[in-house]
Amino acid sequence: MKAFIRLFTGLSIALLAVSCGTASKSGKASEGTPMRLLYWNIQNGMWSGQQDGHARFVEWIKEQDPDVCVWCEGQANYVTNSVENLPDDPDKYLYGFWKEMSRRYGHKYVAFSGRRDRFAQVVTSKYPIATVSRLVGEEPDSVVTHGSGWFTIERGGKTINIVTLHTWPQRWAFRCQDKEASGAVREGDRYRRMEIQYICEHTIGTVPEAKDQYWMMMGDFNSRSRRDNFFYKYPDDDTRFLVQDYIHGYTPYIDVLGTLYPGEFITTTGGESRIDFIYCTKPLFDSVVEARVVSDSYTTPVRDPQNLSNFWHPSDHRPFIVDFDIR
């Protein structure tokens, strides 16, 4: 099986055909259509898509034809083209929204992460989804701020475990008393380290044989990997590496992008940072046919012209597609 990775860049659809780098593995893929995963942090429930009823968003998803989608920031939070808060009504702006939205691009099945605030993750699929656990952490010291989820689907006679997350985004620690002081010593990095340990210990860490099974974990980790430090040039003891160091040191997960595309920096945001990751256990990683961060004429982030908060169009993050040959 041959696996390779491409980063699509540029401001036109034509550039989707250009490969900016590859990394390959040996082996032979079986015949048929791979399972396609689409992951994306869509910024406040795809706030940018509210003006056209999410028509362009749906059209783009249909063009990619994913089998499974994972969306970070799944809940709509703001009134169209404004920073005015919508009511915190998950029945309307999260659960109901996705049950209708997913059908527009051909996904019958929907599941939701644990919801502690307005930034839950959503999984949609062509296949039935079983929810194993919806994580929100434990009070008072182990709160998973944006929730997390553990789901399974069946494909080709195999059970695929899907873990979703979105860790704390700030420099300061969650619920700290002095944000300035906490941020100055980057206590937020240590808080994220607690969150990832909690999530892993309550998902893949509960299954001793998980390393030999099909597991994937993905989300907005709001942290950096030292594999990218040839680009960042942070000190070796920088706390921004804590989350990814834990995953590499204490779990069987493999960083898909970092492993398939070594020595190349691929941003997953509107700036220059790789903070979105997809991890897989080795049996699933070995089935990767292709992986790419997509930056085309629609998905390349552009700052909102009205300078509304930190909003971008269509999102401040870029989507990530992985094809798996697991039949």
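This is a short tutorial dialogue on reading the features of a predicted model.

Me: Let's start with empty space. How large a volume does the largest pocket have, and which residues lie nearest its centre?

Reply: The general idea comes first. Rolling a probe the size of a water molecule over the atoms shows where empty space is left. In this model, the largest pocket has a volume of about 850 Å³. Its lining is made up of 34 residues, and P169, Q170, D220, N222 and N310 are the ones nearest the centre. Two or more lining residues come from each of α1 (43–46), β7 (142–155) and α5 (187–201).

Me: What is the lining of the largest pocket like by class?

Reply: It divides into 16 polar, 11 charged and 7 nonpolar residues.

Me: Since α1 helps to line the pocket, I'd like to look at its backbone. Which residues there have a positive phi although they are not glycines?

Reply: Q43 has a positive phi of about 50°, and N44 has one of about 60°. Q43 is found in helix α1, and N44 is too. Q43 is buried, with a relative accessible area of 5%. N44 also counts as buried, at 5% relative accessibility.

Me: Now for charges. How many salt bridges does a search of the whole structure find?

Reply: Side chains of opposite charge can pair when their charged atoms come close. Here the search of the whole structure finds 17 salt bridges. A good one to begin with is K126 with D67, whose side chains meet at 3.8 Å, N to O. K126 sits in the loop between β5 (122–125) and β6 (130–138), while D67 sits in the loop between α2 and β3 (68–72), so this pair ties together parts that are 59 residues apart in sequence.

Me: Are K126 and D67 buried or exposed?

Reply: K126 counts as partly exposed, at 32% relative accessibility. D67 counts as buried, at 8%.

Me: Which salt bridge pairs residues within a helix?

Reply: Look at D189 and R192, whose side chains meet at 2.6 Å, N to O. They are 3 residues apart in helix α5, so about one helical turn separates them. Both D189 and R192 are buried.

Me: And what does the bridge between D228 and R274 tie together?

Reply: Those side chains meet at 2.7 Å, N to O. D228 lies in the loop between β9 (214–220) and α6 (229–232), and R274 in the loop between α8 (256–260) and β11 (276–280), so the pair links parts 46 residues apart in sequence. D228 counts as buried at 3% relative accessibility, and R274 counts as buried at 2%. Salt bridges can also share partners: D65, D67, K126 and R155 are joined into one network in this way.

Me: On to the strands. In what order do the 6 strands of the open sheet run?

Reply: In a regular strand the side chains alternate between the two faces of the sheet. In this open sheet the order is β6-β7-β8-β9-β11-β10, with mixed pairing. β6 and β10 (254–255) stand at the edges with a single partner strand each, so one side of each has no neighbour in the sheet. Inside the order, β8 (residues 158–166) and β9 run parallel and are joined by 7 bridges. I162 has M216 of β9 as its bridge partner.

Me: Where can I see an antiparallel pair?

Reply: Try β12 and β15 (residues 320–324), which pair in the antiparallel sense over 5 bridges. A291 has V322 in β15 as its bridge partner. Strand β12 (residues 288–293) is mostly covered, with 6 of its 6 residues buried.

Me: Loops next, please. What does Q75 contact?

Reply: Q75 is found in the loop between β3 and α3 (90–104), and it counts as buried at 0% relative accessibility. Leaving aside neighbours within four places in sequence, its contacts include N44, G45, Y93 and R118. The C-alpha atoms of Q75 and R118 are separated by 6.1 Å, though these residues are 43 apart along the chain.

Me: Finally, which peptide bonds are cis?

Reply: One is the bond from E139 to P140, with omega near 0°, and P140 lies in the loop between β6 and β7. Another is the bond from H313 to P314, with omega near -5°. P314 lies in the loop between β14 (312–313) and β15.

Note on methods
Residues numbered from 1 in each chain as written. Predicted model: local features only at pLDDT ≥ 70, side-chain atom pairs only at ≥ 80, totals over all residues. Heavy atoms only, no water. 1 Å grid on protein atoms, 1.4 Å probe; cavity = no way out; pocket = protein on both sides within 12 Å on 5 of 7 lines; lining within 4 Å. Points joined across faces, edges and corners; volume = space filled by probe spheres on them. Helix = DSSP H or I, 4+ residues; strand = E, 2+ residues; numbered from the N terminus. Nonpolar A, V, L, I, M, F, W, Y, C, P; charged D, E, K, R; others polar. Salt bridge = Lys/Arg side-chain N within 4 Å of Asp/Glu carboxyl O. Buried < 20%, exposed > 50% of the residue type's maximum accessible area, 1.4 Å probe, protein only. Pairing = 2+ DSSP bridges. Contact = heavy atoms within 4.5 Å.
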